[in-house]
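Biologist: Please walk me through this one with the definitions at hand. I would like to see how each label is earned.

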Amino acid sequence: MNRRGPGLIGAAARTAVVAGTASAVSGRVQQRQQARFAEQEAARQEPAPAAPQPAAAPGEDLIGQLERLAALKRQGILTEAEFEAQKARLLAG
């Protein structure tokens with residue numbers, strides 16, 4: 001008997017592994033999308049503060065504060081002008 005490939009059982013096992021991996025990846029992508037949509041919906045429902053000030057704890061690094069400002073701007077909580085004013089305040093201090 002001359003075999004050319006993995007045989008029926010090997011092919012079935014390989015197909016099961018590929019299908020299982022694809023299913024796991026697809027499920028993870030779907031979970032991330034649902035989490036992102038839930039965050040966006042929660043952000044829309046929360047009232048935006050009039051003048052959000054990032055909390056400056058002692059010893060907090062400047063980069064972390066700037067990253068939080070950028071996140072607030074991306075979420076639409078800060079306008080471009082508010083972002084620039086807060087950024088200038090952080091960089092000056």
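**Labels and their cut-offs**

Modeller: Let me start with Leu66: setting aside neighbours within four places in sequence, Leu66 is in contact (heavy atoms within 4.5 Å) with Lys87, Leu90 and Leu91. A word on the source: this is a predicted model, in which local features need pLDDT of at least 70 and side-chain atom pairs count only at pLDDT 80 or more, while totals for chains, interfaces and linings use all residues. Residues are numbered from 1 along each chain as its sequence is written, and side-chain values use heavy atoms, with hydrogens and water left out.

Biologist: Where does Leu66 lie, and why is Leu66 called partly exposed?

Modeller: Leu66 belongs to helix α2, residues 62–74; helices are DSSP runs of H or I with at least four residues, strands are runs of E with at least two, and both are numbered from the N terminus. Its relative accessible area is 23%. Buried means under 20% and exposed over 50%, with partly exposed in between (1.4 Å probe, protein chains only), so Leu66 counts as partly exposed.

Biologist: What makes Gln86 buried?

Modeller: Gln86, in helix α3 (residues 80–92), has a relative accessible area of 11%, so Gln86 falls on the buried side of the cut-off. The side chains of Gln86 and Arg89 also share a polar contact of 3.1 Å. That term needs a pair of N or O atoms within 3.5 Å; within protein, one must be able to donate a hydrogen and the other to accept it, and residues adjacent in sequence count only if both atoms are side-chain atoms.

Biologist: And Leu72: why does Leu72 count as partly exposed?

Modeller: Leu72, found in helix α2, has 22% relative accessibility, so Leu72 is partly exposed. Beyond its neighbours within four places in sequence, Leu72 touches Ile77 and Leu78. The C-alpha atoms of Leu72 and Phe83 are 8.3 Å apart, with their positions eleven residues apart along the chain counted as separation.

Biologist: How do you know how α2 is oriented to α3?

Modeller: The two helices pack at about 175 degrees, with axes 10 Å apart. That makes α2 roughly antiparallel to α3, because angles over 145 degrees count as roughly antiparallel, under 35 as roughly parallel, 65 to 115 as roughly perpendicular and the rest as oblique. Among the residues making the contact are Leu66 and Leu69 of α2, and Phe83 and Gln86 of α3.

Biologist: What is the secondary structure of the protein overall?

Modeller: Three helices and zero strands, in the order α-α-α along the sequence. Buried residues make up 10% of the 93 residues.

Notes:
Axes are lines fitted to C-alpha atoms, for helices over the stretch in contact, and angles run from 0 to 180 degrees between N-to-C directions.
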